[in-house]
Amino acid sequence: MNAIEERRAQEQKEIEALEQREAHAVLNADVSTLQTLWADDLIVNSTANLIAGKSILLEMMKDGRLKLRTYERRPVRIVIFDDLVVTTGNEISQLIGRTAEFKTFVSYLNVWSKRNGNWQLIARHVGAIEKAKAEPLR
Amino acid sequence: MHSDEDREGFRILVVEDEEDARDAMVAILEMKGYRAAPAGNGREALDYLSRTETPDLIILDLCMPVMDGWQFLRERVKDPRLAGVPVVVISALSDRDDFEANEIIIKPVDVDHLLATVSHYCKQEGTA
């Protein structure tokens, strides 16, 4: 492996870890971690066909209205363009709340930007794949 | 911008067949201090409205099973109690104008725009 390939492989690992760190923070409603991983001008287009920004999403997490029981993210492809990264893959989640009886399968596309030396999520689009009946909550 | 106290007591009916969208809109409106109720189609909305207080605002999807948004709007004007209730239509059909509504918001719905629109129609008397 030459130096360029090594650097690419290292960046790939860094982004994979970043993706998992962000997913873990979402699962645990870790607002302080998300405050740093999400850009202030983040834009999210959800499966509910709602476009939401950072403040409303964090407010919903703090308020307990956006709470996940399970959340798994599997990146399928990561493309690095210098200080911009596009990741795409699938996710399986189960909410705690009104739709808790379903597991939701989605495809996602995340856009990360390096700002002041730190990666931040700047855009995210989620598309529904399917919903499946899940184990009831205990 | 209105405080949560200003919004308390305002009743909003969210008529949308897509459960994720309906639940998310109701959750956001409740979080902002409104009293929001869900209905899965126009028929459910009319049934709900026949047994409850008149809401201050109706958020209405157009394409729904059982009774769609166009039918609901026609039924609404026949009822003097409902005829004056403002309706905000949310739709992906940006080329349709064969209905009367106070406002149209194109899907996907920008939550900030939705909240600003709701705030416009849910004002306490005497507030700007």
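Let's start right at the meeting point of the two chains: A:Ile51 stands opposite B:Asp110, which sits in strand S6 of chain B. Before I go on, a word on the model: it is predicted, so local features need pLDDT of at least 70 and side-chain atom pairs count only at pLDDT 80 or more, while totals for chains, interfaces and linings use all residues. Residues are numbered from 1 along each chain as its sequence is written, with chains lettered from A and ligands numbered from 1 in the order in which they are written.

Back to that pair. Strand S2 of chain A and strand S6 of chain B (residues 109-110) run parallel, joined by two bridges. Strands here are DSSP runs of E, at least two residues, and helices are runs of H or I, at least four residues, numbered from the N terminus; two strands pair if DSSP finds at least two bridges between them.

How many residues does each chain bring to the contact? Chain A brings 15 and chain B brings 14, where contact means C-beta atoms, placed from the backbone, within 7 Å. On the chain A side, strand S2 (50-53) and helix H3 (54-62) each supply at least two residues, and S2(A) gives the most, with four.

Now into chain A itself. Strand S5 (residues 102-115) runs antiparallel to S6(A), with 14 bridges between them; A:Asn110, for instance, stands opposite A:Arg124. The two strands form a hairpin with two residues between them, and A:Asn116 in the turn has a positive phi of about 50°. On top of that, strand S1 (residues 38-45) pairs with S6(A) (residues 118-133) in the parallel sense, over four bridges. There, A:Asn45 has A:His125 as its bridge partner.

Over to chain B, which has an open sheet of five strands, paired in parallel in the order S2-S1-S3-S4-S5. Strands S2 (35-39) and S5 (103-106) are at the edges with a single partner strand each, so one side of each has no neighbour in the sheet. Looking at one edge, S5(B) is joined to strand S4 (residues 87-91) by four bridges, and B:Val89 has B:Ile104 as its partner.

Last stop, helix H6 of chain B (residues 111-121). Which of its residues are buried? They are B:Val111, B:Leu114, B:Thr117 and B:Val118, buried meaning 20 or more other C-beta atoms, placed from the backbone, within 10 Å of the residue's own (12 or fewer is exposed, in between is partly exposed). These residues lie on the same side of H6(B), because they cover an arc of only 125° around the axis, taken from the directions from the helix axis to the C-beta atoms.

How values were computed:
Contact = placed C-beta atoms within 7 Å.
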